[in-house]
Amino acid sequence: MKQLLSRRSSPDKLQQCHQFLKKYYRCLLWISLSIYLFLSTSPPSFHHSPLSRRTLSQTLASPSSLPLSLKIYVYDLPPEFNAAWLSNPRCASHLFAAEVAIHHALLHSSVRAVNHLDADYFFVPVYVSCNFSTINGFPSLRHARPLLSSAVDLISANFPFWNRSNGFDHIFVASHDYGACFHAMEDVAIAEGIPTFMKNSILLQTFGMMSPHACQEAEHVVIPPYISPETDRRPPPETARRDIFAFFRGKMEIHPKNISGRFYSRKVRTEIWNKYSGNRRFYLRRHRYDGYQSEIARSVFCLCPLGWAPWSPRLVESVALGCVPVIIADGIRLPFPEAVPWPEISLSVAERDVAGLEHLLDRVAATNLSAIQRRLWNPAIRRALLFHRPGVIEGDASWNILRALETKVHRRSWRRRRSGQPLPNSSVRWA
């Protein structure tokens with residue numbers, strides 16, 4: 001009888017177990033579905049996916065694909081301020097010719113405002129960096145300040161735009177050694193400073209330092225020195241036969257010309273010559289040679305020591321021709337760090353460490369030289385440092401200048417302020 005009862009009770013227990021499991025799975029399914037629906041309606045997050053983080057960083061690092069929204073009015077000044085200087089062809093092609101290239105780029109660019117009422121900025125096209133050499137060969141820019149002052153007097157007397165903002169929405173180019181201080185000797189440049197009438201404006205200048213400096217006491221954009229865009233039309237630098245280990249051609253000043261105690265290149269170039277001129281791995285030349293860019297294209301490392309100022313056209317020439325720049329200029333600030341990853345494509349050597357230069361280059365050559373060269377050969381990096389004519393090519397030097405100016409437009413534009421758009425962090429007193 002007991003066995004019979006136990007046999008009859010087994011199906012009942014199995015049925016109860018099945019019902020319990022059905023309820024359990026139904027509950028589990030409902031919870032899972034709720035969780036899925038909740039997560040699918042939550043905002044997307046980039047914190048959990050490396051791929052998403054990489055895609056986002058690439059998007060942020062490629063601003064050149066975005067349209068330019070600013071407008072710039074270019075003053076039509078009499079030829080004595082600009083065009084007359086071009087009677088000497090060198091004025092449009094030497095290392096200071098960014099002032100000419102930027103002017104021409106704006107004249108042929110879609111950002112040019114034909115109507116001044118549409119302008120965010122006003123560009124003052126004055127060329128001051130040509131025919132600057134004196135009889136003794138030392139640079140002189142004594143004409144720069146009075147020439148620029150005359151241009152400002154002219155536009156303030158004939159247009160209302162300067163006076164209403166005290167030049168706050170105006171742009172100047174200062175492509176000489178110490179920028180808008182307009183002197184080649186640093187101590188004199190610091191003593192004279194930036195002309196007072198320019199301090200409210202935006203300066204485009206080749207001079208840049210990481211630390212505070214009297215010649216940076218105005219809002220400015222660091223721009224590259226000018227080299228011919230034809231440089232980029234040479235054979236791809238990665239195909240060049242690089243049989244020169246370390247290269248430099250230029251003024252070395254073995255016996256520096258002492259001008260009231262000032263020494264060229266802070267004696268760095270002299271030390272390079274004294275240390276390495278007898279070393280066959282270092283191709284050092286003091287005399288000019290028109291075909292020197294072919295030597296850069298044959299070189300692995302290109303020395304870029306400071307001259308009168310920290311920057312040098314060799315910075316751009318080296319990048320354009322695929323030679324790893326070796327920057328020897330303490331505290332230099334380089335152009336367009338958002339577009340040019342300088343720490344990844346160049347080497348920086350402290351001025352005091354020149355004596356150990358060969359050891360450093362050997363170490364790089366034995367470790368990560370190939371990686372540096374691969375990054376250096378990116379065509380977009382070369383394009384970012386070159387000015388093209390006429391107009392602006394997306395991603396070139398003029399384009400990067402416009403991108404930098406665009407980041408300031410909401411603080412600087414009189415037009416946007418008048419239309420009700422805020423100008424954050426602006427301390428200027430508008431007239």
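Which residues does L405 touch, not counting residues up to four places away in sequence? Select L405 in this predicted model and display its surroundings: the residues in contact are L70, I72, Y121, I171, I202, L204 and V221.

**The whole chain**

Zoom out to the full protein before going further. Its 431 residues include 49% that count as buried, and the fold contains 16 helices and 10 strands. Among contacts with a separation of 6 or more, 69% join residues 24 or more positions apart. Displaying the accessible surface shows an area of about 22600 Å², with 55% of that area belonging to carbon and sulfur atoms.

**The largest nonpolar core**

Return to L405 and add I72, I102, L204 and F301 to the selection. These five residues have the most contacts inside the largest nonpolar core, which has 111 residues. Next, colour helix α4, residues 144–158; with six residues, this helix gives the most to that core. Another core, of six residues, lies apart from it, and I244, F247, I296 and C323 are among its members.

**The largest cavity**

Now turn to the enclosed space. Two cavities of 30 Å³ or more are counted in the model, and the largest holds about 60 Å³ of space. To display its lining, select I72, I102, A105, L106, F123, I171, L204, S398, I401, L402 and L405. Then colour helices α3 (98–107) and α14 (397–406), each of which supplies at least two residues of this lining. Of the elements that contribute, α14 gives the most, with four residues.

**The five-stranded sheet**

Proceed to the open sheet of five strands, whose order is β7-β6-β8-β9-β10 with parallel pairing. Its edge strands are β7 and β10 (347–348), each pairing on one side only. Select β6, residues 244–249, together with β7: the two run parallel and are joined by four bridges. Adding β8, residues 299–305, reveals three bridges to β6, again in parallel.

F247 is a convenient residue on which to centre the view. In β7 it stands opposite Y283, while in β8 the bridge partner of F247 is C302.

**Along strand β7**

Finally, show the side chains of β7, residues 282–285. Which of them are buried, and which are not? F282 and L284 point to one face and are buried, whereas Y283 and R285 point to the other face and are not buried. In a regular strand, side chains alternate between the two faces of the sheet.

Note on methods
Residues are numbered from 1 along each chain as its sequence is written. This is a predicted model: local features need pLDDT of at least 70, side-chain atom pairs count only at pLDDT 80 or more; totals for chains, interfaces and linings use all residues. Side-chain values use heavy atoms; hydrogens and water are left out. Buried means under 20% relative accessible area, exposed over 50%, partly exposed in between (1.4 Å probe, protein chains only). Contact means heavy atoms within 4.5 Å. Accessible areas come from the Shrake-Rupley method with a 1.4 Å probe; for residues, only the protein chains shown count as cover. A nonpolar core is a set of buried Ala, Val, Leu, Ile, Met, Phe, Trp, Tyr and Cys residues joined through side-chain atoms within 4.5 Å. Two strands pair if DSSP finds at least two bridges between them. On a 1 Å grid over the protein atoms alone, a cavity is a set of points where a 1.4 Å probe fits but cannot get out, and a pocket is an open set with protein on both sides within 12 Å along at least five of seven lines; lining residues have an atom within 4 Å of a point. Grid points are joined across faces, edges and corners, and a volume is the space filled by probe spheres set on the points.
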